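Trainee: Could you walk me through how the side chains pack in this one? I'd like to start with the rings and then move on to other things.

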Amino acid sequence: MSTDTDDAPRIAIACQGGGSHTAFTAGVLGRLLREREDRAFEPVAFSGTSGGAVCATAAWYGLLDGDTERAVETLEGIWRDLSARSAVDRMTNEWTVRMAEIAERGWPVPEVSPYDVPFTSAGRDRFLEALETHVDFERASGLVADADLDLIVGAADVTEGEFATFRNGEVTSKAVLASAAIPTLFEAVEIDDHWYWDGLFSQNPPIREFLEPRDLEDKPDEIWIIQINPKRRDEVPQSLEEIADRRNELAGNLSLYQEVDFIEQVNEWLEEGSLSGEYKPIDVEFIEMGGELSTSSKLDRDPEFIDRLMQRGARRAERFLDERAERRN
């Protein structure tokens, strides 16, 4: 049964980056959006970094005119186009993942700058084509002014050494590419005389920006974080491969927990009465992918692997919504 969205809690959804693993995020978002009316919540903002930025942008675009199915189709369509489906693409993908696995084990592999590889531009163009096929950024820029829905995409300004965010109408296909431009795979992306690398070097994902609206009614009531990198491991990593995986996970979570600490500090100040009425308490929830996938598989675009991650995300979202409903009953 549908619930009036005027009474539904306002939800901001933050999507952590993690390469192909963020196909999990696409699955989570697809299920959340299809359940938003029956489960009585209203998405009012999305943020994302790297692959999380791809997912956040797709969901945001589909919802700009309130079309849930458009949002889900956009998510699925982009990931379908990014996955390795042709014979040549599958061979390239297998070679890339295998080289990454060998490097994780400490074996020497050839290292080449993306500026010295002629087919780097082909990967960039394919990424842009996948985005622009499913997201009309010019149309989105016109719709966003009348929509109660924000988008924040994170990137790193290479030369200035600063965090950067693109918001709403500033988000173009190049801005999403900038957020996903892993420096060993892509050249830096130029936007307005600034050069950007993957947002994993900045905010992964942006969260504190959700607090920026001045009016209380425009701020979210809750922030849901779709987390790709696991927070904890059961055992101490010992092999070179395990150490490399854990280093990647910890590095990917560093800025995330700094962002969450900021939100929790604001909540504490509000409880103490140290802040003005410009702020309100905001609950933070995590939707964790879990499991122990290798870092090298973040490069894996095998269609079956992508589909499994999306299905896993849908199941995890359903469990999250069930657990949330139980806590509130």
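Mentor: Let me start with the rule for rings: those of Phe, Tyr and Trp (its six-membered ring) pair if their centres lie within 6.5 Å, and planes under 30 degrees apart count as stacked, over 60 as edge-to-face and the rest as tilted. With that rule, ring pairs link Phe41, Trp224 and Phe320 into a cluster. Please keep in mind that this is a predicted model, in which local features need pLDDT of at least 70 and side-chain atom pairs count only at pLDDT 80 or more, while totals for chains, interfaces and linings use all residues. Residues are numbered from 1 along each chain as its sequence is written, and side-chain values use heavy atoms, with hydrogens and water left out.

Trainee: How many aromatic pairs does the structure hold?

Mentor: There are five aromatic pairs. One of them is edge-to-face, formed by Trp224 and Phe320, at 5.0 Å centre to centre with 75 degrees between the planes. Trp224 lies in strand 7 (residues 222-227) and Phe320 in helix 9 (residues 303-328), so this pair ties together parts that are 96 residues apart in sequence; helices (H or I, at least four residues) and strands (E, at least two) are DSSP runs, numbered from the N terminus.

Trainee: Are Trp224 and Phe320 buried or exposed?

Mentor: Both Trp224 and Phe320 are buried, where buried means under 20% relative accessible area, exposed over 50%, and partly exposed in between (1.4 Å probe, protein chains only). Tyr257 and Phe286 form a tilted pair, with 6.3 Å between centres and 40 degrees between the planes. That pair links helix 8 (residues 240-272), which holds Tyr257, to strand 8 (residues 283-288), which holds Phe286, 29 residues apart. Tyr257 counts as partly exposed because its relative accessibility is 22%, and Phe286 is also partly exposed, at 24%.

Trainee: OK, and where does the charged end of Arg208 sit?

Mentor: It sits over the ring of Phe262, 4.4 Å from the ring centre, the rule being that NZ of Lys or CZ of Arg is within 6 Å of the ring centre and within 35 degrees of the ring normal. The charged end of Lys219 likewise sits over the ring of Tyr279, at 5.1 Å from its centre.

Trainee: Switching to the interior, which residues have the most contacts inside the largest nonpolar core?

Mentor: They are Ile13, Leu29, Leu32, Phe46 and Trp60, in a core of 65 residues; such a core is a set of buried Ala, Val, Leu, Ile, Met, Phe, Trp, Tyr and Cys residues joined through side-chain atoms within 4.5 Å. Helix 2 (residues 51-63) gives the most to this core, with nine residues. Leaving aside neighbours within four places in sequence, Leu29 is in contact (heavy atoms within 4.5 Å) with residues including Cys15, Cys55, Leu75 and Ile226. Apart from the largest core lies another, of 15 residues, among them Ile223, Val260, Ile263 and Leu270.

Trainee: You mentioned two cysteines there, so why is Cys15 not bonded to Cys55?

Mentor: The sulfur of Cys15 is 6.2 Å from that of Cys55, its closest cysteine sulfur, which is too far for a bond, since a disulfide is a pair of cysteine sulfur atoms within 2.5 Å. The count comes to zero disulfides. Cys15 counts as buried, at 0% relative accessibility, and Cys55 is likewise buried, at 0%.
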